[in-house]
Amino acid sequence: MATRPPNFFNNSQSRPSLRPIHTTYVPSFLRKLLQPHVPNSTTQLMGFLTLVISGGILLLLTGVTITTIILGLIFFTPLIFITSPIWILLFIAAAGFLFAAFTLGAITWVYRYFTRRSMVDDDSADMKDYSREFGGYLHAKVKDTAPGA
């Protein structure tokens, strides 16, 4: 049999001490950058209280809203079923009105689009005359203010 090394089962030998592992290690340059932005305990407490209070209020409002919707459906479902023929007629009338309004708007837009070219031609002649008059006025004023130009 092979011989064993001398301290194979002897655990009395001292081991080197292990460095503690820091999971929140932050390099010094980063710590200097972040230090002014770290909130103190009062700010953290106020932020937590604000979160808890606003979260509680929103949770309460959500519960009230859902409860109101469920109770409204329970109480008004029979009324909706009884009056459903009226609702269907109103829906058809509203859809027809919206379709007619959309069609009228589209026809109006198409008419204006195709007749605008003739209006642009008429307006362009007026604009040429106006620009000549205004341009002459402006040109005369520029010559008055800068006689050497």
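The following exchange introduces a predicted model of a single chain.

Colleague: Which pattern does the chain follow when read along the sequence?
Modeller: The chain has 3 helices and 0 strands. Read along the sequence, its pattern is therefore written with helix symbols alone, as helices and strands are DSSP runs numbered from the N terminus. That pattern is α-α-α.

Colleague: What percentage of the residues in the chain is buried?
Modeller: A residue is called buried under 20% relative accessible area. The chain has 149 residues and exposes about 14700 Å². Carbon and sulfur atoms supply 72% of that exposed area. Buried residues make up 0%.

Colleague: How far apart are the end C-alpha atoms of helix α2, and why does this agree with its number of residues?
Modeller: Helix α2 covers residues 41-82, which is 42 residues. At 1.5 Å a residue, the helix should span 62 Å. The separation in the model agrees with this expectation, the end C-alpha atoms being apart by 61 Å.

Colleague: Where in α2 does a kink lie?
Modeller: The kink is of about 45°. Its position is shortly before the proline P78. The residue at the kink is F76.

Colleague: Which element gives the most to the nonpolar surface patch?
Modeller: The patch has an area of about 1200 Å², and its residues include I66, F76, W87 and L90. Two elements, α2 and α3 (84-145), give two or more residues to this patch. With 8 residues, the element that gives the most is α2.

Colleague: Is I70 of the nonpolar patch buried, partly exposed or exposed?
Modeller: I70 is placed in helix α2 and is one of the residues that make the nonpolar patch. The class of partly exposed lies between 20% and 50% relative accessible area. Because its relative accessibility is 45%, I70 counts as partly exposed.

Colleague: How are the rings of W109 and Y113 arranged, stacked or edge-to-face?
Modeller: A search of the whole structure finds 2 aromatic pairs. In the pair of W109 and Y113, the ring centres are 5.3 Å apart and the planes are at 20°, so the arrangement is stacked. These residues are 4 apart in helix α3, which means a separation of about one helical turn. The W109 and Y113 pair is thus stacked.

Colleague: Which residues form one aromatic cluster?
Modeller: The rings of Y113 and F114 also have centres 5.3 Å apart, but with planes at 80° this pair is edge-to-face. W109 is exposed at 57% relative accessibility, and F114 is exposed at 56%. Y113 is partly exposed, with 32%. The residues of the cluster are W109, Y113 and F114.

Key:
Residues numbered from 1 in each chain as written. Predicted model: local features only at pLDDT ≥ 70, side-chain atom pairs only at ≥ 80, totals over all residues. Heavy atoms only, no water. Expected span 1.5 Å × (residues − 1). Bend = angle between axes of the 7 residues up to and from the residue. Patch = residues over 30% accessible without salt bridge, like charges linked within 9 Å, V, L, I, M, F, W, Y side chains within 5 Å. Areas by Shrake-Rupley, 256 points an atom, 1.4 Å probe, with all protein chains shown as cover. Salt bridge = Lys/Arg side-chain N within 4 Å of Asp/Glu carboxyl O. Buried < 20%, exposed > 50% of the residue type's maximum accessible area, 1.4 Å probe, protein only. Phe/Tyr/Trp six-rings, centres within 6.5 Å; stacked < 30°, edge-to-face > 60°.
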